[in-house]
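Hi there,

Here is the structure I promised to pass on. Please have a look at it, and then read my notes underneath.

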Amino acid sequence: MDRIKCFPPIVDEKSRIIVLGSMPGRESLRKNEYYGHPRNQFWNIIYSLFGREPDGEYGKKVAFLREKGIALWDVIKSCRREGSMDSNITGEEVNDFDWLFGRYPGIRHVFFNGSKAYDTFRKRVGFKYDGMGYTKLGSTSPANVQSFENRLEEWGIIKKYL
């Protein structure tokens, strides 16, 4: 089984928060887009927080995140995984968060999209960054069976940090 790699971060100097996933799923990797699976609720949730319908074009979605001060990346830089389930991830190597937070000091809060991202960051990186806040949110993955309304309510906390 070949190693898979995450995408580069979506981040710039205006970023105030970052949402960290674990590793893009098979459909996202195929499309070369964060949260590319049509049943993943990430884009619907982010847009709904601002009372908007999601743009259809990926480039516009990325621009929307930047406009709102939201950065996006994954905790895991590379790994092996059969299928798309986080529970199948092995041999993970984590991304360089010393570089990220050093380069983009405007980021003051980390939100984790699901338990795998949170647990891997906690174990392999650590909550060591002074002045940084950390919040684990329920995964937007279709594997996390939860109503859209409940997810939207939980994810609403990110607006406090923008």
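Two helices, H1 and H5 (115-124), each supply at least two residues to the lining of the largest pocket. Of these, H1 (26-31) gives the largest share of that lining, three residues. Please keep in mind throughout that this is a predicted model.

The pocket itself has a volume of about 600 Å³. Its lining is made up of 27 residues, and those nearest the centre are Met-23, Asn-40, Ser-84, Asp-86 and Ser-141. If you sort the lining by class, you get 14 polar, seven nonpolar and six charged residues.

Now for the nonpolar core. The largest one has 47 residues, and Phe-97 and Phe-101 are the members that touch the most others. Helix H2 is the one that gives the most to this core, with six residues. If you want to display the surroundings of Phe-97, leave out residues up to four places away in sequence and you will find contacts with Leu-20, Trp-73, Asp-74, Val-75, Phe-121, Val-125 and Tyr-129.

The loop between H1 and H2 (42-49) is worth a look on your screen too. Asn-32 is located in this loop, and its phi is near 60°, a positive value in a residue other than glycine. Tyr-35 is found in the loop between H1 and H2 as well, and again phi is positive in a residue other than glycine, this time near 50°. Are these two residues buried or exposed? Asn-32 is exposed, with a relative accessible area of 53%, whereas Tyr-35 counts as buried at 14% relative accessibility.

You may also be wondering about the cysteines. How many disulfides are there? The count comes to zero. Why is Cys-6 not bonded to Cys-79? The closest cysteine sulfur to that of Cys-6 is in Cys-79, and it is 9.2 Å away, so the two are too far apart for a bond; a disulfide would need the sulfur atoms within 2.5 Å. Seen from the other side, Cys-79 is in no disulfide, and its nearest cysteine sulfur is that of Cys-6. As for their settings, Cys-6 is buried with a relative accessible area of 15%, and Cys-79 is buried with a value of 0%.

That is what I have for now. Enjoy exploring the model!

Best wishes

Definitions and conventions. Residues are numbered from 1 along each chain as its sequence is written. This is a predicted model: local features need pLDDT of at least 70, side-chain atom pairs count only at pLDDT 80 or more; totals for chains, interfaces and linings use all residues. Side-chain values use heavy atoms; hydrogens and water are left out. Helices (H or I, at least four residues) and strands (E, at least two) are DSSP runs, numbered from the N terminus. Buried means under 20% relative accessible area, exposed over 50%, partly exposed in between (1.4 Å probe, protein chains only). On a 1 Å grid over the protein atoms alone, a cavity is a set of points where a 1.4 Å probe fits but cannot get out, and a pocket is an open set with protein on both sides within 12 Å along at least five of seven lines; lining residues have an atom within 4 Å of a point. Grid points are joined across faces, edges and corners, and a volume is the space filled by probe spheres set on the points. Ala, Val, Leu, Ile, Met, Phe, Trp, Tyr, Cys and Pro count as nonpolar, Asp, Glu, Lys and Arg as charged, and the others, Gly among them, as polar. A nonpolar core is a set of buried Ala, Val, Leu, Ile, Met, Phe, Trp, Tyr and Cys residues joined through side-chain atoms within 4.5 Å. Contact means heavy atoms within 4.5 Å.
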